[in-house]
Amino acid sequence: MTVIREGDLVFDFGSITAHLFDDSKEEAKTHGVPEMSRVDIIAEFPDHLLLIEVKDLDDRTILEARREEIERSQLKKYTERNDLANKYKESYLYLSLMDRYTTLKKRYVVLIAKEQIDSALLRQARDRVINQTFMAGPFGRGWSVSTYLNDAAVFDLKTWREFYPGITITRVP
């Protein structure tokens, strides 16, 4: 059984092999390249690799009095800048240079750890992540996205449970 804690969230992957990839908080570094941004978790399925970035809007450190204002500004920041796309691109680059997981399809999932977010906002966030994940290629042309990314999604906790019922997430007090 693979269990990973990311902040206040505990992911139970069951029999799926998974590990922290953004180990900047850990003493034992798995790759030691601090300049590169990395996704938080990598899960290895038989036919694909799931790269997971976690953004916790229900983190208990958010002040209750300003929660809604902070949530809106954080969600806007996550979706309008290239931060989420860069997490995937730089993780992909690192894994490719290590010659790891080169034959598996890549799926990138951003989990906005809040029980439920408006579905239009989730769609907008997904579209932005996909558009911003585009990598410029040689001679002014872009690389085919399918070369390095097979799918991307942005989930809240409710949609996560629908798509990944076998990977449970609980919040620790």
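**Exercise 1.** Let's start with a salt bridge: R171 is partly exposed, with a relative accessible area of 34%. In this predicted model, find which parts of the chain are tied together by the pair D56 and R171.

*Solution.*
- Begin with the contact itself: the D56 and R171 side chains form a salt bridge, 2.9 Å from N to O.
- Next, place the two residues. D56 sits in the loop between β5 and α1 (67-80), and R171 in strand β8 (residues 168-171), so the pair joins parts 115 residues apart in sequence.
- Finally, look at D56: its relative accessibility is 17%, so it counts as buried, since buried means under 20%.

**Exercise 2.** Work out whether K87 and E53 are buried or exposed, and where each one lies.

*Solution.*
- The closest N and O atoms of K87 and E53 are 3.6 Å apart, and the two form a salt bridge.
- K87 belongs to helix α2 and E53 to strand β5, so parts 34 residues apart in sequence are tied together.
- K87 is buried at 14% relative accessible area, and E53 is buried at 1%.
- Widen the view: a network of salt bridges links E53, K55 and K87.

**Exercise 3.** Identify the edge strands of the five-stranded sheet.

*Solution.*
- Write down the order: the sheet is open, running β3-β4-β5-β6-β7 with mixed pairing.
- Read off the ends: β3 (17-20) and β7 (151-155) each have a single partner strand, so one side of each lacks a neighbour in the sheet.
- Check β7: its pairing with β6 (residues 105-112) is parallel, over five bridges, and its A152 is the bridge partner of Y108.

Terms used
Residues numbered from 1 in each chain as written. Predicted model: local features only at pLDDT ≥ 70, side-chain atom pairs only at ≥ 80, totals over all residues. Heavy atoms only, no water. Pairing = 2+ DSSP bridges. Helix = DSSP H or I, 4+ residues; strand = E, 2+ residues; numbered from the N terminus. Salt bridge = Lys/Arg side-chain N within 4 Å of Asp/Glu carboxyl O. Buried < 20%, exposed > 50% of the residue type's maximum accessible area, 1.4 Å probe, protein only.
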